[in-house]
Structure formats: C-alpha cells, structure tokens
Amino acid sequence: MFIFAKKISMSKIRLIYKYFRHLLESKNTKGHGIHSPYLYRFTQNTIYEKNPFYVFQQIETLRDHLKNDDRWIEFKDFGTGFDRDVQVKTIAKKSLKRMVWAQLLFRIVNFTNAKNVLELGTSLGLTSAYLASPSADIRCVTLEGSHSVAEIAKENFEKLALRNIAVEIGNIDAILVNVLTKMGTLDVVFIDANHQKKSVLNYFEQCIKHIHPETVFILDDIYWSADMEDAWKIIRKHEKVTATIDLFEMGIVFFNKSFPKKTFKMVL
Ligand SMILES: C[S@@+](CC[C@H](N)C(=O)[O-])C[C@H]1O[C@@H](n2cnc3c(N)ncnc32)[C@H](O)[C@@H]1O
C-alpha cells in the first residue's frame, strides 16, 4: 500500500515537473513563431479561439447530468482485464476530457472541414459528441470495449439528437483493422483509449495507413506516464510525421510534407 502511494506521488511529481518545463519551453508566443500560414491559421482558429458554438452548452448540460448519474454499470478494464462495477457519475467526473479540451476537438474538426472522423476510446461519448457536432455531414466512428459504457454513450447521442456517430464495440486491438477498412481515408483521428506505449503505437501504425496529406491526429495524455512520453517521442520522429503541436495534455500530429518537421510547444 505504502509503495503504491509512493508510486502515485512520484508520478504526480513527475507530471508537475514536466508541466513546468513545458510552460517554460512554450514561451507563450500564441503561435507567432509559426511561419507556415496554414499552421498559423490552425493555431489561431483552434487553440486560441475561445468563442463558444451553440452546441457546447447542450453537451455541457449533459455532462452535468452525468456527474449526478447514480446508476451502477459493469465496466471492463482493458488495462487489467478485470470487470468491476462503477457509477456513471464516477466515470463522468474522472475519466473524460475536460470541457476546454473537448471543445478543442470540435474546433479542429470544424477548422479542417473533416468528414471522416475516428475516435479510439468512447467512454460516455462526450468527446465523440464534440467531434461529430460541427456538421451533420461528418461520419464519426468511435470505438469502445466496455458494452455497458457504450450503451450509455448511445443513450447520450440520442439525447443530443446526433445521428452521425457509429459506436463499434469490442477490443480495439481486435476490431481496429476492420473498422479502418470500412472507413477508408481518415480526416481526423482522436486516440484516447489504452494509454500504454505498445497500444498507442499500434493504433498509430494502423491509422497511418489511412491518412492523406491533410489528416490530423490528436493523441491524448502524451505525458501521462514515461511510457506515453516515449510513444509521443517515437511518433514525432516517425518518417511520415511533419509538424507536431505539443499542448502537454494533448499532442496534435500533421503529415503535410509542406510543413516543417518541428514540434511547436504551446499552452491552451
Ligand atoms: C479515457 S476514456 C475515453 C474518454 C472519452 N474520449 C472522453 O473524454 O469523453 C478511455 C476509454 O477507452 C476504453 N478502452 C481502453 N482500452 C480499450 C481497448 N483496448 N479496446 C476498447 N476500448 C478500450 C475504456 O473502456 C474507456 O472507456
């Protein structure tokens, strides 16, 4: 128990240290050092844009309801392989991307005019809702391993009247290739499922087979562990990757050959 507590605090200390280093290195230039006109516009319209869209309020009202949802559901943990019971409100409070990050996803899909959007890790479906909301023409496919969690997500899409999201239930390791074959090319991919280096790199390698020059990948929790940081380093160096934006909590990946192969550190 003591060792476990010590481990948790060590990883928290590591995160705090990394975050302060990130703040120092990002220099808060608001994207002004970026020479590529497209990348500059991307940062201004997604990262630094703060105007709300009308759907934000609806999704956030739903988040508030979920934070008070006492229902118990069975949750399959893909990290340990064990099933456990958990309350919906616990998932809503602890496992979902916070509002500002979820809204950044909306802005990225909106700015890039994406139509084929893939999400790995649905949970209760709040980020899926943001990814699918910019236009009814978007086809958002989201993958979740836990049946009961996916059922709540579907319920939420009904409540938000979002008909352009398909939930694929199963272990991503087993179903991803088939899903990708059905989807064809990908415009935006959000990777937020199993936070282990091997899995993240596997998801990345599979998805990269379906990119075009304007595709954008977003990786969540890139400094969550040393393992995730390693995966992020490998991805940044990947031969097909050009520019990357490091926001500490998320990493944004571009493949357009006209962009510099460079990492821009920024603060949301
Ligand atoms: C952090 S949550 C996703 C949160 C969601 N994107 C949001 O912010 O609204 C990660 C989800 O990925 C699912 N997951 C993790 N590993 C998986 C795997 N190998 N196959 C399928 N689902 C998996 C978990 O069940 C969990 O619901």
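Here are three short exercises, with worked solutions, on a predicted model.

**Exercise 1. The ligand's surroundings**

Find which residues come nearest to the ligand, and describe the shell around the ligand.

*Solution.* Start with the residues that come nearest: among the 19 around the ligand, these are F78, K97, G121, S123 and G145. Next, sort the shell by residue type: seven of its residues are nonpolar, eight are polar and four are charged. Finally, look at the elements that contribute: at least two shell residues come from each of α6 (126–132), β4 (139–144) and α8 (172–183).

**Exercise 2. Placing K67**

Decide whether K67 is buried, partly exposed or exposed, and say where K67 is found.

*Solution.* First locate the residue: K67 sits in the loop that links α3 (54–66) to β1 (72–76). Then count its surroundings: 14 other C-beta atoms lie within 10 Å of K67. A buried residue would need 20 or more, and an exposed one would have 12 or fewer, so K67 is partly exposed. Now list its contacts: leaving out residues up to four places away in sequence, K67 touches K89, A92 and K93. As a last step, take F264, which is 197 residues from K67 along the chain; their C-alpha atoms are 35 Å apart.

**Exercise 3. Into the core**

Work out which residues of the largest nonpolar core touch the most other members.

*Solution.* The core has 66 residues, and those touching the most other members are L105, V109, V117, I191, I218 and L219. Helix α5 (residues 99–112) gives the core its largest share, six residues. Now follow V117: beyond its neighbours within four places in sequence, its contacts are V109, L131, A132, I138, C140, D187 and V188. As background, nonpolar side chains in soluble globular proteins tend to be buried together.

Notes
Residues are numbered from 1 along each chain as its sequence is written. This is a predicted model: local features need pLDDT of at least 70, side-chain atom pairs count only at pLDDT 80 or more; totals for chains, interfaces and linings use all residues. A residue is near a molecule or strand if its C-beta atom, placed from the backbone, lies within 6 Å of it. Helices (H or I, at least four residues) and strands (E, at least two) are DSSP runs, numbered from the N terminus. Ala, Val, Leu, Ile, Met, Phe, Trp, Tyr, Cys and Pro count as nonpolar, Asp, Glu, Lys and Arg as charged, and the others, Gly among them, as polar. Two residues are in contact if their C-beta atoms, placed from the backbone, lie within 7 Å. A nonpolar core is a set of buried Ala, Val, Leu, Ile, Met, Phe, Trp, Tyr and Cys residues joined through C-beta atoms within 7 Å.
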